[in-house]
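Visitor: Got a minute to go through this one with me? I'd like to chat about what the coordinates show.
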Amino acid sequence: MCGIVGYIGENAAKDILLQGLKNLEYRGYDSAGVALNDNETTSVYKAQGKLDNLCSLLNRVQLKPSARGIGHIRWATHGAATETNAHPHKSNDGKLVLVHNGIIENFRELRQELEKQGFRFYSQTDTETAVHLIDREYKKCGNLEQAVINAVALLKGAFAFCIMHDDEPDKIIAVRKNAPLLVGLGNNENMIASDVPALIGKVNRIIYLEDNEIAIVHRCFVEVKNFAGDVVEKKIENLAFEPELISKRGYAHFMLKEINEQPSIIRRQLAEYFTDNGEIKLGNIDLMALMQAVDKIEIVACGSSLHAAMTAKYMIEELAHIPVMVESASEYIYKYNLTDDKTLVIGISQSGETADTITALKQAKQKNAKILVLTNREDSSIVRYADFVLPLKAGIEVSVAATKSYTAQLMLLYLLALKLAQMRLGMNDKLRKLKEELFEVPAKIEQVLCQTNLIKTCAEKYAKAQDYIFIGRGISYPSVMEGALKLKEISYINANAYTAGELKHGPIALVDEKMPVVAVLTKDNLLYDKMISNCQEVKARKGKIIAVTNDAAHQDMFDDIILLPKSSSELMPLLIAPALQLLAYYTALSLGREVDQPRNLAKSVTVE
Ligand code: F6R
């Protein structure tokens, strides 16, 4: 989603801002802009579309040297992705400029009030309200910091701001409320960013701002205050990310690199979460004590994380016999639910910044539920609401489509399910076998990845299809939902997933000779036989079946087959995922799509 970078120092602000924005590009955006201050005046440059358009614009204009500036990439919420709506926005006298992540909920009322007071608005954004509001307060008190404090008291919603004023050339002000923002500390230069990658390679000490904090960032020092104006002592942390983490390492796309990283990530997780004597150890969580304190489990998440959660429901209920409710976080927030102090609520979020998931956890916390968070970003906002955190350890995920974080979530959820099962039912042969099999998963994923060329050919064969259907049963059902999501988000082909048993209750009306149907069949007697029957039904309507299966029988009834290694059906989602990720990747590639940054999507969805 939107990204913020700010710089104050001795070097060329333009280059530093552009590099910072480039490092945030992966989050998804549709316009970009910078404001550069040359110690006297501020010039704002904005462009619709990709950062390259802004770079070309900046190359065409004569720029004065400037060592202070703010930059932004915008993912449109209020108003289309036009140059006018792009940030930075400026005050009517052109002296105050501001960039904003988040949503100001009471912008309509404030805009009306400010318009009545004579402020002129040029954009349709909620953000411009904040500019004029701070400007109004500045004109009253003549002090930027105080003006910001006065203004934020009147704003509702979520906001991270970076603000500069021509008359206060020694500072940039950064504000955080419900939207992440951090300050990077250098020598005679400091930065502000909405996420760590913007700072990689430039500064290596950071201050994470908390909600309701303001940082007054000077070239040589930084002061942090709360919204009441009191100074807050902040911890300085070392930046743990290396520039290498955000490089493609020779792959054509981050998505392909991240798909191929999956075996090594799972090896890393196994090393991290198993003790030397083969016991599962989930950090310092005392699962026994935790489970004695609760009587049910609820999982909240969005998108791919939600599909991992749905898979976990099958695992935990089947292996540990504990009831699990899974809810899309955006639904959980607005419905009556049974969460109480005897509920373990698990929040799953790769980014740790998904607004819906965070709000759901905040609500659960208010009901005194115990909160466990699975996230790839231990430095993210979601961690604040957690009693326990299980880090995915998947490394930064740059491609908008989740791949390695999804399998890393599945793996951690398996470990949790196995541990819960062992605690509740004692060790048995099935659990022992599954535990042993976990160690074979990385090599089995490698076998799936070895089929890249076959999957590519299959993807190209059906790339012109208008629609796709995905079917699966049991624990494979969330896997086909994830496969369909992957395909639609990066190829823009309409893809719908159904439990195979539902097909005949309506969706089969869509099947004809042009319809590719991805059928996931895993060898476990009853479900396998039922899946074969469902495939027959598709064949009878001339649909094209792409079978993703771990059984070589019945090959003649499929149009294409992606053969997966043999495995227990419980672990198959870990093998199905990379196969369907590759299918989506090569379909998108063959259609010439922007694989890593699909249209309209953002890597972390920080608005509800
Ligand atoms: C799909 C995808 C999204 C995310 C969803 C939740 O490929 O990336 O559906 O899974 O936005 O994001 P996190 O896991 O960061 O909360």
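Guide: Sure, we can take the ligand, then a pair of strands, then the cysteines.
Guide: This is a predicted model, where local features need pLDDT of at least 70, side-chain atom pairs count only at pLDDT 80 or more, and totals for chains, interfaces and linings use all residues. Residues are numbered from 1 along each chain as its sequence is written, and side-chain values use heavy atoms, with hydrogens and water left out.

Visitor: How many residues surround the ligand?
Guide: 15 do, and the closest are Ser305, Ser349, Ser351, Thr354 and Glu489; the cut-off is a heavy atom within 4 Å.

Visitor: Which side chain has a polar atom 2.8 Å from a ligand oxygen?
Guide: That's Lys486. Polar backbone atoms also sit by ligand oxygens, at 3.0 Å for Ser304 and 3.2 Å for Val400.

Visitor: How much of the ligand does the protein bury?
Guide: 91% of the 400 Å² that the ligand exposes when taken alone (Shrake-Rupley, 1.4 Å probe).

Visitor: Switching topic: why is strand β16 largely enclosed?
Guide: Because four of its five residues, 324-328, are buried, meaning under 20% relative accessible area with a 1.4 Å probe, protein chains only. Strands here are DSSP E runs of at least two residues, and helices are H or I runs of at least four.

Visitor: How many bridges join β15 to β16?
Guide: Five, and the strands run parallel. Glu298 stands opposite Met325 in β16.

Visitor: And how many disulfides?
Guide: Zero, counting cysteine sulfur pairs within 2.5 Å. For Cys55, the nearest cysteine sulfur is that of Cys2, 18 Å away.

Methods: Buried < 20%, exposed > 50% of the residue type's maximum accessible area, 1.4 Å probe, protein only. Pairing = 2+ DSSP bridges. Polar contact = N/O pair within 3.5 Å; in protein donor to acceptor, adjacent residues only side chain to side chain.
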